[in-house]
Each structure stands twice: as C-alpha cells, then as structure tokens.
Amino acid sequence: AVVSTQSTGLQEIDSEIEGLKKRKDNNGVSIAAATVCREGGEERARVLEDISLKEKMLNAVKEEVLKYKECDPEVLEKKKAELQLCRDSINRWTDNIFSVQAWCRNKFGIETKDMCKSFGIPDELDYFEG
C-alpha cells in the first residue's frame, strides 16, 4: 500500500514537471515573439519620442496648474472661512480687553486711559470690521 502511494505521488510530480516544462517552452516562444516586435524600428523610436514629449507636456501643464492653485474656488472658500474665524477671534479678544477694562474701572476706579498706558494697549483699539 505504501509503495503504490509513493508511485502515485511520483507520477503526479512527473506530470507536474512535464506541465512546467511545456509552460517554460511556451513562455520562451512568447518572449521571442515579443522581442521580435520590440526590436528597433523607425516607428517604435518615433512612438517613444512622442511619449516622452507628451510626458514633458503633461508635467509642464501640472506645474502650470499648481501656479493657479490659490485661485481654486474651494481653496478660496476655505481661506474665506479661515479669515472669518480670525476676525471672530480678534473681536472676541478685543471684547475681553474691554470687559476687563470696564471691570477694573468699576471695581478699582482705574481710568481706561491709564490702564491702556500701563499694559501697552493702543488708544485706537476697536473691534475689527472688514
């Protein structure tokens, strides 16, 4: 029983080897055919040159598009939103400064002008509108 199992396994391996040899031969033929088609030629050289030229043109167009990326409507909308966030933040901090000034004026009697001078706050400080 063991001998028949071994001989069956050996036959399977032999058939697999034969199949791989046939596959190798077929691949060799395919490679040879492809090599013949790829050998030099005026048309092939022209096509390769054309591909190279078009790749250069594509890269140039991509660079040109990058120059105008800032004008993209999506980018502009994002910048507008960021700008509005900055304006809101500026006005919130300005409001905080005015609140502290009012609290100090009411609680301690400190004049706004004196407080601005002590803390380096410009006299023309006002809410940002723009």
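How many disulfides does the count come to? The answer is 0 disulfides. That holds for a predicted model, and everything below should be read with that in mind. A couple of cysteines are still worth a look. Cys 71 is exposed, at a relative accessible area of 55%. Cys 86 has a value of 44%, so it counts as partly exposed. Cys 86 has its place in helix H3, and we will come back to it once that helix has been introduced.

Let's begin with helix H2, which takes in residues 42-67. Val 47 sits in this helix, and so does Ile 51. Together with Leu 48, these two make up a nonpolar patch on the surface, and the three residues share about 230 Å² of accessible area. How open are the individual members? Val 47 has a relative accessibility of 36%, which puts it in the partly exposed class. Ile 51 is partly exposed as well, with 40%. Both values fit a place in the patch, because a patch takes residues with over 30% relative accessible area. Val 47 also gives a feel for distance across the model: Pro 122 is 75 residues away from Val 47 in sequence, and the two C-alpha atoms are 70 Å apart in space.

Helix H2 has some charged pairs to show too. How many salt bridges does the count come to? It comes to 2 salt bridges. One of them joins the side chains of Lys 54 and Asp 50, with an N to O distance of 3.9 Å. Why can these two be linked through the helix? They are 4 residues apart in H2, so about one helical turn separates them. Asp 50 is partly exposed, at 34% relative accessible area.

The other pairing is between Glu 64 and Lys 67, where the closest N and O atoms are 3.8 Å apart. Here the spacing is 3 residues in helix H2, which again means a separation of about one helical turn. The partners do not fall in one accessibility class: Glu 64 is partly exposed with 35%, while Lys 67 counts as exposed with 61%.

Next comes helix H3, which covers residues 73-108. How far apart should its ends be? At 1.5 Å a residue, the 36 residues of H3 should span 52 Å, and the end C-alpha atoms are indeed 52 Å apart, so the two values agree. Right after H3 comes Gly 109, and its phi is positive, near 75°.

Some residues of H3 are tucked away from the surface. Ser 89, Thr 94, Gln 101 and Cys 104 are buried. What covers the buried residues of this helix? Part of the cover is helix H4, made of residues 112-119. Gln 101 makes a handy example. Its relative accessible area is 5%, and it counts as buried because that is under the 20% cut-off. Once neighbours within four places in sequence are left aside, Gln 101 is in contact with Thr 112, Met 115, Cys 116 and Ile 121.

Two other residues of H3 can be compared with partners later in the chain. Asn 91 lies in this helix. Asn 91 and Asp 126 are 35 residues apart in sequence, but their C-alpha atoms are 8.4 Å apart in space. Which residues is Asn 91 in contact with, leaving aside neighbours within four places in sequence? They are Tyr 127 and Phe 128. Phe 128 turns up again with Cys 86, the cysteine of H3 mentioned at the start: these two are 42 residues apart in sequence and 10.0 Å apart in space, C-alpha to C-alpha.

Key
Residues are numbered from 1 along each chain as its sequence is written. This is a predicted model: local features need pLDDT of at least 70, side-chain atom pairs count only at pLDDT 80 or more; totals for chains, interfaces and linings use all residues. Side-chain values use heavy atoms; hydrogens and water are left out. Patches are made of residues with over 30% relative accessible area and no salt bridge: like charges are joined within 9 Å, nonpolar side chains (Val, Leu, Ile, Met, Phe, Trp, Tyr) within 5 Å. Accessible areas come from the Shrake-Rupley method with a 1.4 Å probe; for residues, only the protein chains shown count as cover. A salt bridge is a side-chain nitrogen of Lys or Arg within 4 Å of a carboxyl oxygen of Asp or Glu. Buried means under 20% relative accessible area, exposed over 50%, partly exposed in between (1.4 Å probe, protein chains only). Contact means heavy atoms within 4.5 Å. The expected span of a helix is 1.5 Å times one less than its number of residues. A disulfide is a pair of cysteine sulfur atoms within 2.5 Å.
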